[in-house]
Amino acid sequence: MNNQYLDVFLEEAREHIDNLNTYLLELENNPNQEVIDEIFRSAHTLKGMSGTMGYNQLSELTHEMENLLQEIRSHQISVTPQIIDTLLQCVDILEELINDVEEYGDEKQRDIQKVISKLKERNSFLLSNAETITEDEKKGEIFSFNEYENRLVVQALEKGLYVWKVVVRLVDECLLKSARAFLVFKTLETFGEIIKTEPIVQDIEDEKFDNEFTLYLVTSQNKDEIYKSLNTVSELENISVQAVEQDSILIQQTNQNNYRIDDDKSQELISATTDIPTRTVNTFKKTGKTLRVDIERLDILMNLVSELIIIKTRLDDINGDKDYQAKQRETIEYLERITSNLHDAVMKARMVPIENVFNRFPRVVHDLSRELSKEMDLLIEGAETELDRTIIDEIGDPLIHLIRNAADHGIESPQERVSKGKPEHGTIKLKAYHDGNNVVIEVSDDGRGIDLNSVLKKAIEKGLIDKEQSKNLKEYEITSFLFEPGFSTKSSVTDVSGRGVGLDVVKTKIESLGGSIEINNKKDMGTTFLIRLPLTLAIIQALMVMVGKEKYAIPLSSIKETVIVPKKEIKKVQKSEVTVLRGDVIPVIRLNEILDIEKKDEEDDELTLVVVKKGEKDIGLAVDDLIGQQEIVIKTLGSFLKDIKFIAGATILGDGEVALILDINKLV
């Protein structure tokens, strides 16, 4: 195996796994030919890729899946819940094998024979209405066309033309499959018109097929002429030409036309290679590769880099010029505009749609619904919202945990829901949207909500708060206990989850990404977890402050306001300093004490506070001076310094000094 292709294989394999999960769930709710074709294409391509790379278990399992799917495509077998479950089980094993390849460089030996036996159990999958299959259909192959294609075939046969099904198999070592397929197309187009291809032309051009593809050709030429002509094309392992007969056609009930008739040509057939329509994006949007960057975005980057080179030349040229200062100022302003645009362009290049994460969740909810015997629907909104790829890679696990919690503890049983006057089907909703420089993700359910009394009782039991203090707590303060390690209101923890089990891990992960998490709760109406994440982890807006003689950066997204408070207004409550701001009591944290920094020599009568927001709470951070707002590039501290408390990273300032970036989540 050639390791240089391993990354490409893994990336494409994961894309096909996502497709299989998505379309198998779609097939369960909406069985139609196009969904079946999508599933078949992914299994077929994955089989070819695995065989080429020498992964025998992957290849064998996808081969058996392909056999079953082919019988479904040809209407010999009907889709049943048992088939869906078996195919989903296959996808799980495929994913495990792909994970093996990623971790160990090869497949681990897994027991795939049980599921292969299930795939081969044809007796339980056969059509109950087998008598509808005619004797003629049993004798020969069934040719499947939609209503439009059938009309073309009938017109051709009535005019005395042939309709040939041409199956072309390329040799295994063929390197340029799409180029070879193009030669086959060009050769056949000299005889007549191609009315259909399997897979579609776009997939053939993109090499999204194994080594075999099928064309349906309308022509006046006989079979021998076609064989003779195709034999001149090299790297073809096998050619099969078969006549399509009118009484062997099975018509699919679909409105989807892959080809059209040009009225100006009096019903002449139009070549399929020149007019393939785009599929409806909402239903059949292909999952994009995570490493792909739109070519227009790269063009913008290239142009901006070219501008930087021009500026460098200008700076070289103005040396010694009599208008040196004026030209230098003009050039620096120009440079500032370009770097700002370059920053925006790089940001966009790093952005990927959050659907790359959301796409895996329908399968999660489907499995939970079976496991918990609850009827649940998943609604997804805002999947097109873009987020920095670094964050996309990390946010999946916390979201899965929240969904599992919602399914297990939030959504009631069907009987309980009916008794409350709710529909039997529970709903889990995933919603993403932009809010300023942040992306907000909401995970909500329409279940029973959080019982605040139970949470409070548990908090008192665990010693997190005493009974007297608990009387004055606000709702958000009570729900915040759920994020304490090992906190759960469930009396018995299931295999799936218990509300609160592991929520401390979810919070830690989100805060490590510079985000925050809040809970909105309505008893018997549901719970919403609201996650707020920065658009990017690379470049942020920050407020530069002085603490003693050192400079620090506070992310602007965390800051509510800055105020100057007379020292006499700082009071002590239970050994902690507070101040009153517009009627609200705000805790005060002196950064020089927290960060162990020497105080300023002279004492002022006023205190400068940077008021930061953490969930529902406002906290005043006392600093010695405000420097101003600045765009900073975040640099990690490296493995030796990564666990320093209160510090999220560092940045290099214009004068070469290093300033540390405060981690507001840890400070407050």
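**Notes on the predicted model**

1. With a relative accessibility of 46%, Lys-560 falls in the partly exposed class. In this predicted model, the side chain of Lys-560 meets that of Asp-618 in a salt bridge, with 2.7 Å from N to O. Asp-618 belongs to strand β23 (residues 617-623) and Lys-560 to strand β18 (residues 559-566), so the salt bridge ties together parts of the chain that are 58 residues apart in sequence. The acidic partner, Asp-618, is buried, because its relative accessible area is 17% and the cut-off for a buried residue is under 20%.

2. As for the protein as a whole, its secondary structure consists of 22 helices and 26 strands, and buried residues account for 46% of the 668 residues. Of the contacts between residues at least 6 apart in sequence, 71% join residues that are at least 24 apart. The accessible surface is about 35300 Å², and carbon and sulfur atoms contribute 47% of that area.

3. The salt bridges number 32. One of them joins the side chains of Arg-169 and Glu-237, at 3.7 Å from N to O, and this pair links distant parts of the chain, since Arg-169 is in strand β2 (residues 162-170) and Glu-237 is in strand β5 (residues 236-243), 68 residues apart. Both partners may be checked for exposure: Arg-169 is partly exposed, with a relative accessible area of 24%, and Glu-237 is also partly exposed, with a value of 47%.

4. A further salt bridge connects Glu-394 with Lys-509, whose closest N and O atoms are 2.8 Å apart. Here two helices are involved, with Glu-394 in helix α15 (residues 389-410) and Lys-509 in helix α20 (residues 503-512), and the two residues are 115 residues apart. The relative accessible area is 34% for Glu-394, which is therefore partly exposed, and 29% for Lys-509, which is likewise partly exposed. Elsewhere, salt bridges form a network that includes Glu-412, Glu-416, Arg-417, Lys-420, Lys-422, Asp-446, Arg-448 and Asp-524.

5. An open sheet of five strands, with mixed pairing, runs in the order β24-β16-β17-β26-β25. Its edge strands, each paired on one side only, are β24 (625-633) and β25 (647-652), and the twist from one strand to the next averages 35°. Strand β25 runs antiparallel to β26 (residues 658-662), to which five bridges join it, and within this pair Ile-647 stands opposite Leu-662 of β26.

6. Two loops next to these strands deserve a look. Ile-644 is placed in the loop between β24 and β25 and is partly exposed, its relative accessible area being 41%; together with Phe-640 and Leu-641, Ile-644 makes a nonpolar surface patch of about 360 Å². Asp-663, by contrast, lies in the loop between β26 and α22 (664-667), and Asp-663 counts as buried because its relative accessibility is 12%. Leaving aside residues up to four places away in sequence, Asp-663 touches Phe-646, Ile-647 and Ala-648. The C-alpha atoms of Asp-663 and Ile-554 are 7.8 Å apart in space, although these residues are 109 residues apart in sequence.

7. A last point concerns Ser-59, which is found in helix α3 (residues 56-73). With a relative accessible area of 18%, Ser-59 is buried, a value to be read against the cut-off of under 20% for that class. Again without residues up to four places away in sequence, Ser-59 touches Lys-47, Ser-50 and Gly-51.

Notes. Residues numbered from 1 in each chain as written. Predicted model: local features only at pLDDT ≥ 70, side-chain atom pairs only at ≥ 80, totals over all residues. Heavy atoms only, no water. Helix = DSSP H or I, 4+ residues; strand = E, 2+ residues; numbered from the N terminus. Buried < 20%, exposed > 50% of the residue type's maximum accessible area, 1.4 Å probe, protein only. Contact = heavy atoms within 4.5 Å. Areas by Shrake-Rupley, 256 points an atom, 1.4 Å probe, with all protein chains shown as cover. Pairing = 2+ DSSP bridges. Axes fitted to C-alpha atoms, helices over the stretch in contact; angles between N-to-C directions. Patch = residues over 30% accessible without salt bridge, like charges linked within 9 Å, V, L, I, M, F, W, Y side chains within 5 Å. Salt bridge = Lys/Arg side-chain N within 4 Å of Asp/Glu carboxyl O.
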